[in-house]
Amino acid sequence: MRAIVVDRPGPDCSLRLGEAPNPQPGPGQVLIKVTAAGVNRADLLQARGQYPPPPGASDLLGLEVSGVIEQVASQSDTAWRVGDQVCALLPGGGYGEYAVAEAAHLLPRPANLPLPDAAALPEAACTVWSNLLEGGFTPASTLLVHGGAGGIGTMAVALAAAMGATVYATAGAPERVAAVERLGAARGIDYKQADFAQVVMEATGGRGVDVILDVVGAKYLEPNLACLAVGGHLMVIGLMGGAKAEVNLAKMLARRQTLAVTNLRNRTAADKAAIVDQVHRDVWPLVESGRLPLAIGTRMPMVEAAQAHELMRRGQVTGKILLTW
């Protein structure tokens, strides 16, 4: 099959359209003819040799796809059938013409979305919703989202706002700040121009926010804790600003704050299946009703994967980047 191949994985990597063996579904799996794949920062890290796939996963890039089921393994006990239009959460392999997915990690194409656009949902929705739940989020919560204009960030802003929460979001340019406010953020904060912690504390009357969803990591640890409310949860899901920082546990203890560092890709298949079920139950109705707007920044042919990665690296796209066949 055709697939995007990474030459020289590492800082000087290059992506090109090449060939890879056709994947074969095993017990409990299905084969998907891929229509589109979502681009995630994990793909950029893997191409640079910094984020290897889990054991047994495809070494191709791509953590989410949409497409049509081509084959269901004979041993699979599943209600999915050949011809079903789906999107899927993957541990890897999405940048190929075909991809293998666990049947338990599939979601139906939302009735109101074209099939390619459904590829924007699995990774973002599962990452955001699982972390919000683990962070004690409720519709009455206040939430701070970092990287609010990215693929994960736009999902977090739109989903929390659709549920009635008060959302603050950081972004790095006036037009990106405006974009997160259009998605439902009560306040977009240009982190290049303002101290986000100070803005949040002023906006909340000194209380702080209940949950922070952070893709930055070490660089933001201290200001995050400074604007996290008593009993609040800081959910770190990315390390764009470094992996090592000091923390004053006494201050966290006094304010009963919780710090969690999570990822989705390396969870067990059973854990992912449970998250997919939660997303189907709680998030899909919002998508299909139109209450949850989907921010797709651009759609590009699969052959332009290298250009898509560069756009993400430079932060030049608001919302999700999709690669289509």
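Strand β3 and strand β4 (residues 64-72) run antiparallel and are joined by 7 bridges. Within this pairing, Ala-36 stands opposite Ser-66 of β4. The model described here is a predicted one, and β3 makes a good starting point for a first look around it.

Two further strands pair with β3. Strand β6 (residues 98-102) lies antiparallel to β3, with 5 bridges between them; here Lys-33 faces Tyr-98 of β6. Strand β15 (residues 320-324) also runs antiparallel to β3, and 3 bridges connect the two. In that pairing, the residue opposite Leu-322 of β15 is Gly-38. How enclosed, then, is strand β3? Of the 10 residues in β3 (residues 29-38), 8 are buried, so the strand is largely enclosed by the rest of the structure.

Helix α5 (residues 196-203) offers a second view of buried residues. Phe-196, Ala-197, Val-199 and Val-200 are the buried ones to note in this helix. Because these residues cover an arc of only 160° around the axis, they sit on the same side of α5. The elements that cover them include the strands β8 (142-145), β9 (166-171), β10 (187-190) and β11 (209-214), together with helix α6 (221-226).

Both ends of α5 also have a local feature worth finding in the structure. At the start of the helix, a side-chain oxygen of Asp-195 comes to within 3.0 Å of the backbone nitrogen of Ala-197, and Ala-197 is itself among the buried residues of α5. Just after the helix, Gly-205 adopts a positive phi of about 65°.

Terms used: Residues are numbered from 1 along each chain as its sequence is written. This is a predicted model: local features need pLDDT of at least 70, side-chain atom pairs count only at pLDDT 80 or more; totals for chains, interfaces and linings use all residues. Side-chain values use heavy atoms; hydrogens and water are left out. Buried means under 20% relative accessible area, exposed over 50%, partly exposed in between (1.4 Å probe, protein chains only). Helices (H or I, at least four residues) and strands (E, at least two) are DSSP runs, numbered from the N terminus. The arc is that of the directions from the helix axis to the C-beta atoms. Contact means heavy atoms within 4.5 Å. A polar contact is a pair of N or O atoms within 3.5 Å; within protein, one must be able to donate a hydrogen and the other to accept it, and residues adjacent in sequence count only if both atoms are side-chain atoms. Two strands pair if DSSP finds at least two bridges between them.
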